[in-house]
Amino acid sequence: MNRILVIGAKGMLGRDLMKELQLSFSDDEVLGWDIDEIDIRKEQETVTKIEGFRPAIVINLAGYTDVDGCESNEQEAFAVNADGMRHVAMGVRRCGAKVIYLSTDYVFDGEKDKPYLEDDPPNPLSIYGRSKWKGEQSVLKLAGDGLIIRTQWLYGGHGRNFVTTILRQAKEKKVLSIVNDQIGSPTYTVDLSRAIALLIRKKASGIFHVTNSDICSWYDFGQAILRLSGMEEVKVLPISSGELNRKAARPSYSVLSTEKFKQEIGIKLRPWSEALKDFLSIPQKEMASV
Ligand SMILES: NC(=O)c1ccc[n+]([C@@H]2O[C@H](COP(=O)([O-])OP(=O)(O)OC[C@H]3O[C@@H](n4cnc5c(N)ncnc54)[C@H](OP(=O)(O)O)[C@@H]3O)[C@@H](O)[C@H]2O)c1
């Protein structure tokens, strides 16, 4: 029996991943920690706690994930996303475990016009992207067979995200303005959790890009959310990122090539529109906790 430790287990992805791992690795012990059990900003605490638990695999999802918030809290962003990952990698190294780190499309600048490959050079536009890239570097430096999974545009049933925001706003307003000049692939946390389990089974290491298939803009995504929720009467206006004027710059084209994942695992994740339909079929009452 192996021990699998998830750090950041109470976050949006963490909750679905815990469920998936408990099913897929039912012969193993799967344990979830979050900020109440471990603060990865603290080196000694992190190393000692991980070493004491003696896990075979540690999956680090813990992060400072407020992309705009990172712009005004650079120190905190690096403390969690970069130093935190380094502390986890140090603990993992002490017990000879494997580490898995969840990273982001925001390590890229979006200047490419073809899907980003795993070995394309990062050039983050934001503090969030820079701090996550630094976290990646710790994995590559400290953890020999470490696995970095870059993903994007996550939504799911256990946290605030674009889908829940659109559904909430649609109840309050007749017209929504959504950016149409950023392109990516919305990714359902349930599908991503399954993909992570498959990569673990395959003992994959190095960098992998994992998202649902097909691409769209946030504007297209927003329209699909309203259509699939029977709220077509809400009007959607396309606007530019400049008009939205957010603190952090985002890549305009951050499509991640998932070809390497397909080669390794033999499947692609389903199109984002199918996954969204599934997510929206969950009764609203169950989503009320979101
Ligand atoms: N969401 C996306 O679209 C997206 C896209 C690409 C990559 N990712 C990456 O995927 C991972 C999971 O994302 P998510 O959306 O599920 O994030 P999330 O919901 O923000 O979950 C992160 C969890 O980490 C906890 N945490 C924060 N600081 C910590 C610390 N110092 N020590 C221990 N735990 C700490 C958070 O607790 P509090 O809530 O109390 O702060 C939260 O429970 C993150 O690493 C993120 O960078 C996310």
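1. Contact here means heavy atoms within 4.5 Å. On that basis, and leaving aside neighbours within four places in sequence, valine 88 touches Ile7, Ile40, Thr46, Ile50, Val58, Asn60 and Val99.

2. Some housekeeping: this is a predicted model, with local features needing pLDDT of at least 70 and side-chain atom pairs counting only at pLDDT 80 or more, while totals for chains, interfaces and linings use all residues. Numbering runs from 1 along each chain as its sequence is written, and side-chain values use heavy atoms, with hydrogens and water left out.

3. Val88 turns up again in the largest nonpolar core (buried Ala, Val, Leu, Ile, Met, Phe, Trp, Tyr and Cys residues joined through side-chain atoms within 4.5 Å; buried is under 20% relative accessible area with a 1.4 Å probe, protein chains only). That core has 32 residues, and Ile7, Ile50 and Val88 make the most contacts inside it. At least two residues each come from several elements, including strand 1 (3–7), helix 2 (43–53) and strand 4 (98–104). Helix 4 gives the largest share, eight residues.

4. There's also a second, separate core of 28 residues, with Ile4, Leu21, Ala197 and Phe208 among them.

5. Overall, I see 12 helices and 12 strands, as DSSP runs (H or I, at least four residues, for helices; E, at least two, for strands). Buried residues make up 54% of the 290 in the chain. Of the contacts with a separation of 6 or more, 82% link residues 24 or more positions apart.

6. As for extent, the C-alpha atoms fill a box of roughly 55 × 40 × 35 Å along the principal axes.

Methods
Buried means under 20% relative accessible area, exposed over 50%, partly exposed in between (1.4 Å probe, protein chains only).
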